[in-house]
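Me: Got a minute to go through this one with me? I'd like to start with the ligand and then move on to a strand.

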Amino acid sequence: MAKPTYIVMLGPPGAGKGTQAKVLAKKLNLTHVSSGDLFRENLNNKTELGRLAQSYMSKGELVPDDVTIAMVEERLSRTDCVGGAVLDGFPRTPAQAGALDAILNGLGGEVNIVPYISVPAKVLVDRLGGRWMSHSGRVYHALNNPPKVKWIDDVDGSPLYQREDDKPETVQRRIDVYLEQTSPLIEHYRSLGLLVEIDGTDDIESVTADILEAITGAAGL
Ligand code: AP5
């Protein structure tokens with residue numbers, strides 16, 4: 001049986017990791033695994049993990065490594081990830097990166113490639129301030145990627161909402177936390193020869209094309 005493929009999307013909050021991960025997963029026939037979406041699912045289902053996560057997410061802080069790692073490990077062990085996954089929002093600390101290697105090793109795979117979507121802080125604030133979400137996880141932007149009808153999901157017609165943690169003061173904290181705790185992973189994956197840097201300031205389709213070109217060249221996917 002072919003080895004599973006694992007792609008790790010890296011980049012600051014609002015860089016477009018989720019937007020691109022969904023497209024890549026579809027094109028490459030992999031499963032999209034987003035740690036943020038998993039926490040929000042737990043929140044909606046009012047689980048104990050959801051309540052714990054909310055206390056960190058609302059402040060823009062990271063949820064502790066142990067619970068985050070256990071949650072992602074469980075998700076990656078499900079049958080829909082047997083061919084691999086596009087990981088979005090995980091790992092976010094060096095400890096999570098180490099844990100991911102051990103998890104993937106146990107699943108017969110490894111991190112194959114790490115697209116790092118780079119976007120300046122000013123653009124991130126505008127993107128997150130204009131982001132609208134559907135309850136099924138589709139992501140829109142008021143200017144760059146608007147729904148056909150204002151604040152209504154194109155697919156199921158349900159009302160869109162704005163994320164609690166997209167308020168300007170929380171966005172700034174999320175960017176600071178990213179710089180302090182997550183950005184060291186850029187050098188980590190670069191030193192392993194796995195990083196491909198993508199300019200995330202282009203429009204969504206161009207960024208997708210750049211990622212596809214880079215990962216095909218670099219990892220032979
Ligand atoms: P999470 O949900 O992962 O949030 P994030 O990493 O901050 O990333 P975002 O979802 O905000 O941004 P994105 O890069 O996916 O951008 P998007 O595609 O939506 O995490 C939330 C919280 O959960 C964390 O703060 C933490 O508390 C907790 N958490 C999650 N994972 C954790 C972990 N591993 N460890 C500990 N805690 C964890 O795009 C943004 C907007 O821009 C959209 O409106 C989109 O339409 C638009 N857009 C996208 N691309 C473009 C483009 N090229 N041009 C113009 N507009 C664009």
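**Ligand shell and strand β3**

Reply: Sure. By residue type, the shell around the ligand splits into 13 nonpolar, 13 polar and eleven charged residues. Bear in mind that this is a predicted model.

Me: How many residues surround the ligand, and which are the closest?

Reply: There are 37 around the ligand, and the closest are Thr-19, Glu-61, Arg-92, Arg-131 and Arg-174.

Me: What does Arg-131 put next to an oxygen atom of the ligand?

Reply: A polar side-chain atom, at 2.6 Å from that oxygen. Gln-96 also has a polar side-chain atom there, 2.9 Å from a nitrogen atom of the ligand. With Ala-15 it's a backbone N or O atom, 3.2 Å from a ligand oxygen.

Me: And how much of the ligand's accessible area does the protein cover?

Reply: 97% of the 1,000 Å² that the ligand has on its own.

Me: Which element gives the largest share of the shell?

Reply: That's α2, with four residues. Elements supplying at least two each include α1 (17–28), α6 (121–129) and α9 (204–219).

Me: Switching topic: is β3 mostly covered or open?

Reply: Mostly covered, as five of the five residues in 84–88 are buried. Gly-84, Val-86 and Asp-88 sit on one side, with Ala-85 and Leu-87 on the other.

Me: Why two sides?

Reply: Because side chains in a regular strand alternate between the two faces of the sheet.

Me: Which strands pair with β3?

Reply: β1 (residues 5–9) runs parallel to β3 and is joined to it by five bridges, with Val-8 partnering Leu-87. β2 (residues 31–34) is also parallel to β3, over four bridges, and there Thr-31 partners Ala-85.

Notes
Residues are numbered from 1 along each chain as its sequence is written. This is a predicted model: local features need pLDDT of at least 70, side-chain atom pairs count only at pLDDT 80 or more; totals for chains, interfaces and linings use all residues. Side-chain values use heavy atoms; hydrogens and water are left out. A residue is near a molecule or strand if one of its heavy atoms lies within 4 Å of it. A polar contact is a pair of N or O atoms within 3.5 Å; within protein, one must be able to donate a hydrogen and the other to accept it, and residues adjacent in sequence count only if both atoms are side-chain atoms. Accessible areas come from the Shrake-Rupley method with a 1.4 Å probe; for residues, only the protein chains shown count as cover. Ala, Val, Leu, Ile, Met, Phe, Trp, Tyr, Cys and Pro count as nonpolar, Asp, Glu, Lys and Arg as charged, and the others, Gly among them, as polar. Buried means under 20% relative accessible area, exposed over 50%, partly exposed in between (1.4 Å probe, protein chains only). Two strands pair if DSSP finds at least two bridges between them.
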